[in-house]
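Me: I should like to understand how the terms used for a protein model are justified. Please set each value against its definition.

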Amino acid sequence: HRDLHSFPTRRSSDLAPFVGTWQKHDAKLVIDNTGTGVDTYPDLGVCPSCSEGDAPRGTFTFTLTSAVDGVAVGSITASSDPGNHSVGDPVTATLTEGSPGQLLQITVNDMKQLPFCDTAAEATGQCGA
């Protein structure tokens, strides 16, 4: 007979809290249940004179491979702009509580992006227009 309470209950691959559609300003991030995320954003590098709303869309795709305590790690698997986001670059996703809702902070190569919002946080303007 084993005492189940003596074993750790954290799962290193619990990506479920990260799954969904996240928004910020004119960018959108969708993470599926396999941990694959696609970030679509205004690519001002292609059109520096464009506004964020009118700029061509850039994308990068990443795969989160593990998560513990609201922090997931992975790497970029595809990019429309290798100068900014290269295949193999490390990605960290960190969940934090919004007021209300949740925020998702994406960091690529130690460079933090502005946070993304879930639907509840977006409705209260926590991640821009």
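Reply: Let us begin with contacts: a contact means heavy atoms within 4.5 Å. In the protein chain, residues 24 or more positions apart account for 37% of the contacts with a separation of 6 or more. This is a predicted model, in which local features need pLDDT of at least 70 and side-chain atom pairs count only at pLDDT 80 or more, while totals for chains, interfaces and linings use all residues. Residues are numbered from 1 along each chain as its sequence is written, and side-chain values use heavy atoms, with hydrogens and water left out.

Me: What makes Cys47 and Cys50 a disulfide?

Reply: A disulfide is a pair of cysteine sulfur atoms within 2.5 Å. The S to S distance of Cys47 and Cys50 is 1.9 Å, so the pair meets the definition. In general, a disulfide is a covalent bond between the sulfur atoms of two cysteines.

Me: Why is the disulfide of Cys47 and Cys50 called right-handed?

Reply: The torsion about its S-S bond is about 75°, so the disulfide of Cys47 and Cys50 is right-handed.

Me: Is Cys47 buried or exposed?

Reply: Buried means under 20% relative accessible area, exposed over 50%, and partly exposed in between, with a 1.4 Å probe and protein chains only. Cys47 has a relative accessible area of 16%, so Cys47 is buried.

Me: Why, then, is Cys50 called partly exposed?

Reply: The relative accessible area of Cys50 is 21%, and therefore Cys50 is partly exposed.

Me: How do you know that Cys117 and Cys127 form a disulfide?

Reply: Their sulfur atoms lie 2.0 Å apart, so this pair also satisfies the rule. The pair links distant parts of the chain, with Cys117 in strand β9 (residues 116-117) and Cys127 in the segment after α1 (119-123), 10 residues apart. Helices (H or I, at least four residues) and strands (E, at least two) are DSSP runs, numbered from the N terminus. The torsion about the S-S bond of Cys117 and Cys127 is about 90°, so this disulfide is right-handed.

Me: Why is Cys117 called buried, and why Cys127?

Reply: Cys117 has 0% relative accessibility and therefore counts as buried. Cys127 has 6% relative accessibility, so Cys127 counts as buried.

Me: How many disulfides are there by this rule, and what is the pairing of the bonded cysteines?

Reply: The count comes to two disulfides. With the bonded cysteines of the protein chain numbered in sequence order, the pairing is 1-2, 3-4.
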